[in-house]
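The exercises below are meant to be worked through with the sequence and the model side by side. Try each task before reading its solution.

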Amino acid sequence: MLRYILKRLLLIIPIIVGSIILVFTIMYFCPGDPATMILGAEATEEQIYELREKMGLNDPYIVRLGRTLWSYARLDLGTSYVTGRPLTEELALRIPNTLRLSLIGIVIGLLIGIPLGVTSAVHHDEPIDYIGMLIALVGISMPGFWFAMLMVTLFAVKLRWLPPFGVGGIRYWILPILSSCLGGFAGNARQARSSMLDVLTSDYVVMARAKGLPEKEVIWKHALPNAMLPIVMMIGGAMAMSIGGGMIIETVFAIPGVGFFLADSISNRDYIAIQSCVVVIGMVFTLMMLVTDLMMAAIDPRIKDQFSSRKRKKAKKV
Amino acid sequence: MSNEKYLEVKNLTVEYVTSEETVYAVNDVSFGIEKGKTLGLVGETGAGKTTIARSILRILPVPPAVVKGGEILLNGKNLMELPESEMCKVRGRDVTMIFQDPMTALNPTMRVGDQIAEVILHHENLSKKEGRKRAEEMLEMVGIPAERYEEYPHQFSGGMKQRVVIAIALACNPDLLLADEPTTALDVTIQAQVLEMMRDLHARKNMTMILITHDLGVVAEMCDDVAIVYGGEIVEMGTLRDIFKHPSHPYTVGLFGALPDLESDRHRLTPIEGLPIDPTLQITGCKFKPRCPYATEECGKAAVQAQELTPGHFCKCLYPRKEVR
Amino acid sequence: MTEEKTIGIGVSEAPAKKQSQFLAVLKRLSRRPTAVVGGALFLVIVFCAIFGDLIAPYNYNQINMREVYETPSLRHLFGTDQLGRDIFSRMLVGAKYTLSIGIGSQIIALTGGLIVGSCAGFFGQTVDNIIMRILDVIQSIPGMIMNIVLAAVLGLGLTPCILAMGIGGISGTSRMVRGNILKIRKSEFVDAATSINCSTPRIIAKHVLPNILSPIIISVTGGIGGGIMGASGLSYLGLGVQPPHPEWGAMLSGGKDVIQTYPHVCLMPGLVIAVTMLSINLMGDGLRDALDPKLKK
């Protein structure tokens, strides 16, 4: 297992380097000139040229890419064009908020979504199934940020139970987390139901019944572990949704996270900040995906086996 | 046949009902087996053999399966009326089943040994350690070294998986074993080994066995009685000798005609013309009529009743053949 | 013997099956009440997208400062916004933006995905490896974030929004197309076609394409929904279609500042987006079930 984890950790390095190159390339083609932005409209052409030279903006693509990669390697994310503050600091301040929002959202989405889907599958075509799936369907149909706004109108404006926006104690986090887990919860419930339905008709589940096991044991010991494989595989997608949606939810609740900062940077046309935000989000997401892959390997002996040491395999065959 | 049948199936009717169509899988099937005997259920794919076996264990997928009627008497006790909790005690202990496809019958995320130990621990009051010991013994018995207890199904070959499935089925010394095409998915060489092993175990434990197959060769080797299934009905039933020496139903005759025979000087096999009937159609009269060379108008008019040709040899045909093979 | 016969049936019935297949799927679809409701709702929205300008009770851009922020009533079904414009009329007219984003982005994503995915699926080995690694890199950035960045680079308005959503969707559809092509290439009926000397174009047209059609239809249906949802998010951040165009997400975003006082201004557009998504999801679920090959038996 350790070997597998190490191998997977090494494999994400080229992906992160690749994503930095990708984001840099997209931003390279972004219209607009940072130098003009910093100096304002009244600046002379000479001033602009000078600043561009100083910022290295006149260098060819390859040189600038190399410089960017090198600075990222030293954990230096650059300096914001707008505030003039180092982005590493700015983002370090904001990442905890983003992580709190999306991680708790994902975990709650899993904890509610999977049992709901499994229950629906076990009670296939019964009222409880219809109700569960109706809830999930409504859940995936609502834009997360609109749901957030609904919650704000209801709980913050009408009932005045919870603060409408900002950060602070736990009370401030309830609405944002509820909104951010909505899509993930509904998606997980639907996926859990369909993979559970698949597994419930498989031969080994019928076999488990033929062994005389009570239905509860059949479901918990035989069906669920196998149904978890496609569910865990889906978690990656749910995470992407949670991070993307979380970014808009940060904006709705004015939570100072990476997403809110990214939205701000976009409206300020702060290109280097946009670039750094996206790279950081990509890195966080890649690490989360790694965790789901490791979970897969833990559940499914077949995946783990692909990476088990060669010696053991050979010994077995003899 | 005597009255002391260990298992008796009476008028079993099973349908698969979906919103689009109804498949009449098993139609009014009755048969019985004496203790310690082996009954062969022979028929084409889709004839309803597996459904019969799964009905006995009550593990049909519901929905779409609907048991329309019938009784299944095990030692005089009607399984159809048992509460689920009682049925759980019957499954795996009194009646067990060997599944057709060993590739999918084992849980891929569970250790092979644990899958055997599970059924032992469930039915017998043993500690985990004793359960494991018994499971290891079972593995050895089917010819797999006990060291492989910790492995997962994907590390096993098809033949070994089938041995594990058999070990699970035999773990609690069942009185009745339902073997659903136990060798179909295996290579011929492995088939012989598995059959040999089953026959050996059968003899040692005095089990009653229903062997489902479409292979008449296997039937000749293993069975005491034979029932021929066509279109969800038993069309002919009798002792092995009755069926093999005096096949009477045209379908049975056809099955033998499609079998190569080294002793006769026939050059060509005679296939049964036509296709198996569509199980979604409800047909009055004989289901084999469209393919039967001897069919007359009379065959399609009313349900054909089984007639007893010789004691214990039943045939559902108006014009039973009388040739001797 | 029986097995040979079943194969025989498959071959002899293949040509006749094709026409009836479409009908069979439709028939199966019509048996599911949820799919019928979803389809009907979606048709209503398509109708609005085409004839919205004609059936709108008010001019969608008519400013009326005397009727600012009216709550929903019979006169103004969905109320009025900060400039006294009738929200219901604006939504009717705006349906065409929303639908064109949803459908337009899927056309781009599907075209791109078919090209990239079939290159990866058909050329195999090296090409496949390179493409997959690139896709790994692209997909290391969450889809929504990618859409936002693309929208920021491409600029504001309807076309950039469609492009952003479409280009962002290419990586996902490529993976889907590749996966399905590989699955089919491995299947025995393709081997069988090769063995009777079928030409490659014929194999692609007759054997591969018809079999990847169902996953494509399912993915496109889901993608249209995803496009609408994503575009509303972009508009909310001020990146998509800009006001005064009555795009639903932009209208929702326009009401966010007054949500504490006049919630209907943003709740109504959101409700319509949710209903649209619901109709698409219902249809998608129905299609998924109707196209499931396991049910065809």
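**Exercise 1.** Setting aside neighbours within four places in sequence, find which residues A:Ala148 is in contact with.

*Solution.* The model is a predicted one, and contact here requires C-beta atoms, placed from the backbone, to lie within 7 Å. Once the neighbours within four places in sequence are left out, the partners of A:Ala148 are A:Leu175, A:Ser179, A:Ile249, A:Val252 and A:Phe253.

**Exercise 2.** Describe the largest nonpolar core, and explain where it lies with respect to domain 1 and domain 2 of chain A.

*Solution.* Begin with its extent: this core has 226 residues, and those with the most contacts inside it include A:Ala148, A:Cys277, B:Ile116 and C:Ile145. Next, ask which element gives the largest share, which turns out to be helix 10 of chain A (residues 215-253), with 19 residues. Finally, because domain 1 (8-73) and domain 2 (94-307) of chain A both give residues to the core, it lies between them.

**Exercise 3.** Characterise the side of chain A that touches chain C.

*Solution.* Count the participants to begin with: 36 residues of chain A are in contact with 32 residues of chain C. Then locate those of chain A, where the helices that each supply at least two residues include helix 1 (2-28), helix 10 and helix 12 (271-299). Sorting the residues on this side of chain A by type gives 26 nonpolar, 10 polar and no charged.

**Exercise 4.** Determine where helix 6 of chain C bends, and by about how much.

*Solution.* The helix covers residues 158-186, and its 29 residues reach 42 Å from the first C-alpha to the last, close to the 42 Å expected. Following its axis, one finds a bend of about 35° at C:Ile170.

Technical notes. Residues numbered from 1 in each chain as written. Chains lettered and ligands numbered in written order. Predicted model: local features only at pLDDT ≥ 70, side-chain atom pairs only at ≥ 80, totals over all residues. Core = buried A, V, L, I, M, F, W, Y, C linked by C-beta atoms within 7 Å. Buried ≥ 20, exposed ≤ 12 C-beta atoms within 10 Å, placed from the backbone. Helix = DSSP H or I, 4+ residues; strand = E, 2+ residues; numbered from the N terminus. Domains from an automatic or database assignment. Contact = placed C-beta atoms within 7 Å. Nonpolar A, V, L, I, M, F, W, Y, C, P; charged D, E, K, R; others polar. Expected span 1.5 Å × (residues − 1). Bend = angle between axes of the 7 residues up to and from the residue.
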